[in-house]
Amino acid sequence: MNTSGLVGKLRNFVLVSALALAPAAAHAGIFISVGFAPPALPVYTQPICPGDGYLWTPGYWAYSPEGYYWVPGVWVEPPTVGFLWTPAYWGWEGGVYRFHDGYWGPHVGFYGGINYGFGYGGVGFGGGRWEGGHFAYNTAVMNVNRTSIHNTYIDRTVINNVNVGNHTSFNGGQGGIQARPTAQENSFSHENHVAPTATQQSHFQAAQSNRANFASANGGHPAMAAMARPGATNTAVAARGAQPAAMTRGNNQPAAMTRGNNQPAAMTRGNNQPAAMTRSNNQPAATNRGGFGNQAAPQARTQSHPQAQTQSRPQPQSYPAPQQSHPAPQSHPASQPHESGHEHGR
């Protein structure tokens, strides 16, 4: 009897069951491991800080039984004054890619050497610092309106020019970032840590419920790569190379784009001609709010002789996402960027 095969099947069953029962499993104390690497990090512009006291949390690839999906970068309020965010990361360990959850703490710990941008260049955090009870923003790497937020400074020494253009999203293994925690980072791992806030948890769950965030739907270039605040989809910015279409499906299943006879378009009309908006009898097309609910998307209409007004749309750039074989995911017991301006990976 092949006991190793049986153990592997049971392990996969436990993982899939756990993920099905907990939509935000990666943020509920369950560590996830997967047999194939996450896609490269998308390139996107950081939304402007919505207000004093908000801290930046970079976007990353999470995993569900349907595959990798993008959790948009977002500005959030920390759970307490003095705490900083250590981003989540994937690491190659024991023959699988293991997910390490992000957390709040007095210092930024090890996050795999991943260059998330905007102050997270792979080691520590250069986007700002706590000064008394206020957070001071380093505008060399943070997109902050200095007219309304005055506690700012400029320090360009934190820009990591070594990792320019490196979009690798995992640590270790073939093609991964070959970084190990320093002695100081190891000491930070023993500090008091706080789990993601309830607002962050809702943000994670919303990301998973949006079908357009999955790499299988967006090719590694999400249309909502980042936003100013959790739930503020009207502030969302698209990744470089994303398909030019917002959300078009209801029932929490938005799609990055619709297709008519394999012709990509945000909306389609007759004869497979893409159009930004179509009209019937000179009536404006209705809009449909679905998915995150804050961003309207025009509803496609067709007719044999459309009298349509069209808007030109830029042609999407092609950025192939890395494809690897997809062995079944496994579970493990819980244990516990460079930037120039404000675009990650430019």
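Start by selecting A228 in this predicted model. Leaving aside neighbours within four places in sequence, A228 is in contact with P47, I48, P50, V74, W75 and T235. Show those residues as sticks to see what surrounds A228. Where along the chain is A228 placed? A228 belongs to the loop between strand 14 (226-227) and strand 15 (258-260). Is A228 buried or exposed? Its relative accessibility is 7%, under the 20% cut-off, so A228 counts as buried.

Now put a distance label between the C-alpha atoms of A228 and V74. The label should read 5.6 Å, although 154 residues separate A228 and V74 in sequence.

W75, one of the contacts of A228, leads to the next stop. Select Y44, W56, W61, W70, W75, F118, W130, F135 and Y137 together: they form one aromatic cluster. Within this group, zoom in on Y44 and F118. In the model, 23 aromatic pairs are counted. For Y44 and F118, the ring centres are 5.6 Å apart and the planes meet at 50 degrees, so this pair is tilted. The two rings come from distant parts of the chain, 74 residues apart: Y44 is in the loop between strand 1 (32-34) and strand 2 (55-57), and F118 is in the loop between strand 9 (103-105) and strand 10 (128-131). Y44 counts as buried at 2% relative accessibility, and F118 counts as buried at 0%.

Another pair to pick out is Y60 and F99, which is tilted, with 5.9 Å from centre to centre and 35 degrees between the planes. Y60 lies in strand 3 (residues 60-64) and F99 in strand 8 (residues 96-100), so the pair ties together parts 39 residues apart in sequence. Both Y60 and F99 are buried.

Next, colour strand 10 and strand 11 (residues 134-138). How do these two strands run? They are antiparallel and joined by four bridges. Look for E131, which stands opposite H134 in strand 11. Strand 10 and strand 11 make a hairpin with two residues between them, and G132 in the turn has a positive phi of about 70 degrees.

Finish with two places where a charge meets a ring. Select R129 and Y153: R129 lies over the face of Y153, at 3.8 Å from the ring centre. Then select R211 and F214, where the charged end of R211 sits over the ring of F214, 4.5 Å from its centre.

Terms used: Residues numbered from 1 in each chain as written. Predicted model: local features only at pLDDT ≥ 70, side-chain atom pairs only at ≥ 80, totals over all residues. Heavy atoms only, no water. Phe/Tyr/Trp six-rings, centres within 6.5 Å; stacked < 30°, edge-to-face > 60°. Buried < 20%, exposed > 50% of the residue type's maximum accessible area, 1.4 Å probe, protein only. Lys NZ or Arg CZ within 6 Å of the ring centre and 35° of its normal. Pairing = 2+ DSSP bridges. Contact = heavy atoms within 4.5 Å.
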